[in-house]
Amino acid sequence: MGLFTQLATLPLAPVRGVGWVMERVLEAAENEYYDPTPVKRELADLERRLVAGEIDEETFDRREDELLDRLEEIRAHRQAGQA
């Protein structure tokens, strides 16, 4: 029965292959999107720019809040994935 099923569904193999590839692409995109490293790097750069006088305190505070919110989103996603 297994061989018959494989032969009968052989025309669908390309569709299954495309589905598998799409799953891998989605997985890679999610891994990149939910990687905290670039956000932490941007926070460090933001602080450097404030200390260097390149940006004012208001700009720093606004952008820092955005980045901290992003880190919280990443943490929440990772915790949801572990549960």
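In this predicted model, Arg70 sits over the face of Tyr33, at 3.9 Å from the ring centre. Tyr33 is also half of an aromatic pair, its partner being Tyr34. The count of such pairs comes to one, and the geometry here is edge-to-face, with 4.9 Å centre to centre and 85° between the planes. That label follows because planes over 60 degrees apart count as edge-to-face. The two tyrosines part ways in their exposure: Tyr33 is partly exposed, with a relative accessible area of 45%, while Tyr34 counts as buried at 17%. The cut-off for buried is under 20% relative accessible area, so Tyr34 falls on the buried side. Tyr33, then, takes part in both arrangements, with Arg70 over its face and Tyr34 as its edge-to-face partner.

Turning to charge pairs, a search of the whole structure finds nine salt bridges. Side chains of opposite charge can pair when their charged atoms come close. One of the nine joins Arg63 and Glu42, with an N to O distance of 2.4 Å. This pair links distant parts of the chain, since Arg63 belongs to helix α4 and Glu42 to helix α3, 21 residues apart. Both ends are partly exposed: Arg63 has a relative accessibility of 26%, and Glu42 has 33%.

Arg63 has another salt-bridge partner in Glu66, at 2.7 Å from N to O. Here the two residues lie in helix α4, three residues apart, which means that about one helical turn separates them. Glu66, at 38% relative accessibility, counts as partly exposed. Arg63 therefore has one partner in helix α3, namely Glu42, and one in its own helix α4, namely Glu66.

What about the loop between α3 (37-51) and α4 (57-82)? Glu54 lies in this loop and counts as partly exposed, at 46% relative accessibility. Once its neighbours within four places in sequence are left aside, Glu54 is in contact with Arg48 and Arg49. With Arg48 the link is a salt bridge between side chains, at 3.3 Å from N to O. Arg48 is itself partly exposed, at 43% relative accessibility. The picture widens from there, as Asp45, Arg48, Arg49 and Glu54 are linked in a network of salt bridges. Both contacts listed for Glu54, Arg48 and Arg49, thus turn up again as members of that network. As for the span of the model, the C-alpha atoms of Glu54 and Gly2 are separated by 67 Å, the two residues being 52 places apart along the chain.

That leaves the leucines of the early part of the chain. Leu3, Leu7 and Leu10 form a nonpolar patch on the surface, and together they have about 330 Å² of accessible area. Leu7 lies in helix α1, which covers residues 2-8. Is Leu7 buried or exposed? At 54% relative accessibility, Leu7 counts as exposed, because the cut-off for that class is over 50%.

Terms used: Residues numbered from 1 in each chain as written. Predicted model: local features only at pLDDT ≥ 70, side-chain atom pairs only at ≥ 80, totals over all residues. Heavy atoms only, no water. Phe/Tyr/Trp six-rings, centres within 6.5 Å; stacked < 30°, edge-to-face > 60°. Buried < 20%, exposed > 50% of the residue type's maximum accessible area, 1.4 Å probe, protein only. Lys NZ or Arg CZ within 6 Å of the ring centre and 35° of its normal. Patch = residues over 30% accessible without salt bridge, like charges linked within 9 Å, V, L, I, M, F, W, Y side chains within 5 Å. Areas by Shrake-Rupley, 256 points an atom, 1.4 Å probe, with all protein chains shown as cover. Salt bridge = Lys/Arg side-chain N within 4 Å of Asp/Glu carboxyl O. Helix = DSSP H or I, 4+ residues; strand = E, 2+ residues; numbered from the N terminus. Contact = heavy atoms within 4.5 Å.
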